[in-house]
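Reader: I have just been handed a structure that I have never looked at before. Could you walk me through it while I ask things as they come up?

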Amino acid sequence: MPAITFAPPRAAHVLRGAIAAAAVPLLLTACSSADEKDTATSAAAVTIADQWVKAADSGMSAAFGDLINSGDTPRTVVSATSPASDRIELHEVVADANGTKAMRPKRGGFVIPAHGRTRLRPGGDHIMFMDLRGPLRTGSETSVTLTFEDGSTTTFTAQVRDFSGNQENYVPDHADGESHAGAQTPAHGG
Ligand SMILES: [Cu+2]
């Protein structure tokens, strides 16, 4: 277990980091990790990689990618917004008693372990666009803003890609079944 240490003013951290970077890379690693634990927001500790959004003409879509936590403490994405959709939910995919996979809001959001990554993939956790404002066309881009448990936010740009697999059903028990009926038919007609 790391000892509780006194946290000097930020300027001292920066200076210490610069010296370590010039001299001993290994020291920098240890130093910046300790700093992060004390001072960094979740938005500063977490980056996203390989992000993309599923192309769709209307209705629902989803964003995927890898959330990477470079810090010493777990971080949690609690909500998301995008100009592409009026409503966005953080979803997981679970199998029901019959083994049928369905998606539903993930309670507590997406947790990213310390020095770990959380993968958002078709068939797994994803950022669900519940109601597109307009078509998301292949090759275009849209932005997504994530809000973390500490209130910090980070915005990333994701490219829209064609993807026709994993049309999960929506769990009717967890939401208004009527408005999500479209999830049960493939969004891509051809
Ligand atoms: Cu979903």
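Author: What follows is a conversation that goes from the overall fold to the metal site, the core, the charged pairs and a few single residues.

Reader: Where did the model come from, and how many helices and strands does the protein chain have?

Author: This is a predicted model, and its protein chain has three helices and 11 strands. Read along the sequence, the pattern is α-α-α-β-β-β-β-β-β-β-β-β-β-β, so the helices precede the strands.

Reader: What share of the residues counts as buried?

Author: Of the 190 residues in the protein chain, 37% count as buried. The chain exposes about 10,400 Å², and carbon and sulfur atoms supply 54% of that area. As for how the chain folds back on itself, among contacts with a separation of 6 or more, 66% are between residues 24 or more positions apart.

Reader: Let me jump to the metal. Which protein atoms are the donors of the copper ion?

Author: The donors are ND1 of H91, SD of M103, NE2 of H126 and SD of M128, and they lie 2.0 to 2.2 Å from the copper ion. Along the chain, these donors follow the spacing H-x11-M-x22-H-x1-M.

Reader: And why is the arrangement called tetrahedral?

Author: It is called tetrahedral because the four donor atoms around the copper ion subtend angles of 98 to 117 degrees, and four donors count as tetrahedral if all angles lie between 85 and 135 degrees. For reference, the ideal angle for four tetrahedral donors is 109.5 degrees.

Reader: Is H126 buried or exposed, and what about M128, buried or exposed?

Author: H126 counts as buried, because its relative accessibility is 2%, and M128 is buried as well, with a relative accessible area of 4%. The cut-off behind both statements is that buried means under 20% relative accessible area.

Reader: Moving on to the nonpolar core, which residues have the most contacts inside the largest one?

Author: The largest nonpolar core has 26 residues, and those with the most contacts inside it are L67, V77, I127, F129, V144 and L146. The elements that give two or more residues to this core are β1, β2, β3, β4, β6, β8, β9 and β10. There is also a second, separate core of eight residues, which includes W52, F64, M103 and M130. M103 has come up before, since its SD atom is one of the donors of the copper ion.

Reader: Pick one of those core residues, say L67. What is it in contact with?

Author: Leaving aside neighbours within four places in sequence, L67 is in contact with a list of residues that includes V46, I48, V77, F110, I112, R117, L120 and L146.

Reader: And F156, where is that, and is it buried or exposed?

Author: F156 is in strand β10, and it counts as buried because its relative accessibility is 6%. Its contacts beyond four places in sequence include I48, I127, V144 and L146. F156 and S143 are 13 residues apart in sequence, while their C-alpha atoms are 5.5 Å apart in space.

Reader: R117 was in the contacts of L67. Which residue does R117 form a salt bridge with?

Author: R117 forms a salt bridge with D66, and the closest N and O atoms are 2.8 Å apart. The pair links distant parts of the chain, with R117 in strand β7 and D66 in strand β2, 51 residues apart. D66 is buried, with a relative accessible area of 2%, whereas R117 is partly exposed at 39%. Together with R121, these two residues are linked in a network of salt bridges.

Reader: How many salt bridges are found in the whole structure?

Author: A search of the whole structure finds seven salt bridges. Among them is the one between E92 and R104, with closest N and O atoms 2.9 Å apart. E92 lies in strand β4 and R104 in strand β5, so this pair ties together parts that are 12 residues apart in sequence. Another is formed by D125 and K106, whose closest N and O atoms are 2.7 Å apart.

Reader: One last topic: what is unusual about the phi of D50?

Author: Most residues other than glycine have a negative phi, but phi of D50 is near 55 degrees, a positive value. D50 is found in strand β1 and counts as exposed, because its relative accessibility is 56%. H115 likewise has a positive phi, near 50 degrees, and is found in the loop between β6 and β7.

Key: Residues are numbered from 1 along each chain as its sequence is written. This is a predicted model: local features need pLDDT of at least 70, side-chain atom pairs count only at pLDDT 80 or more; totals for chains, interfaces and linings use all residues. Side-chain values use heavy atoms; hydrogens and water are left out. Donors are N, O and S atoms within 2.8 Å of the metal (3.2 Å for Na, K and Ca); water is not among the atoms, so sites may look incomplete. Four donors count as tetrahedral if all angles lie between 85 and 135 degrees; four count as square planar and six as octahedral if opposite donors are over 155 degrees apart and all others between 65 and 115; anything else is irregular. Buried means under 20% relative accessible area, exposed over 50%, partly exposed in between (1.4 Å probe, protein chains only). Helices (H or I, at least four residues) and strands (E, at least two) are DSSP runs, numbered from the N terminus. A nonpolar core is a set of buried Ala, Val, Leu, Ile, Met, Phe, Trp, Tyr and Cys residues joined through side-chain atoms within 4.5 Å. Contact means heavy atoms within 4.5 Å. Accessible areas come from the Shrake-Rupley method with a 1.4 Å probe; for residues, only the protein chains shown count as cover. A salt bridge is a side-chain nitrogen of Lys or Arg within 4 Å of a carboxyl oxygen of Asp or Glu.
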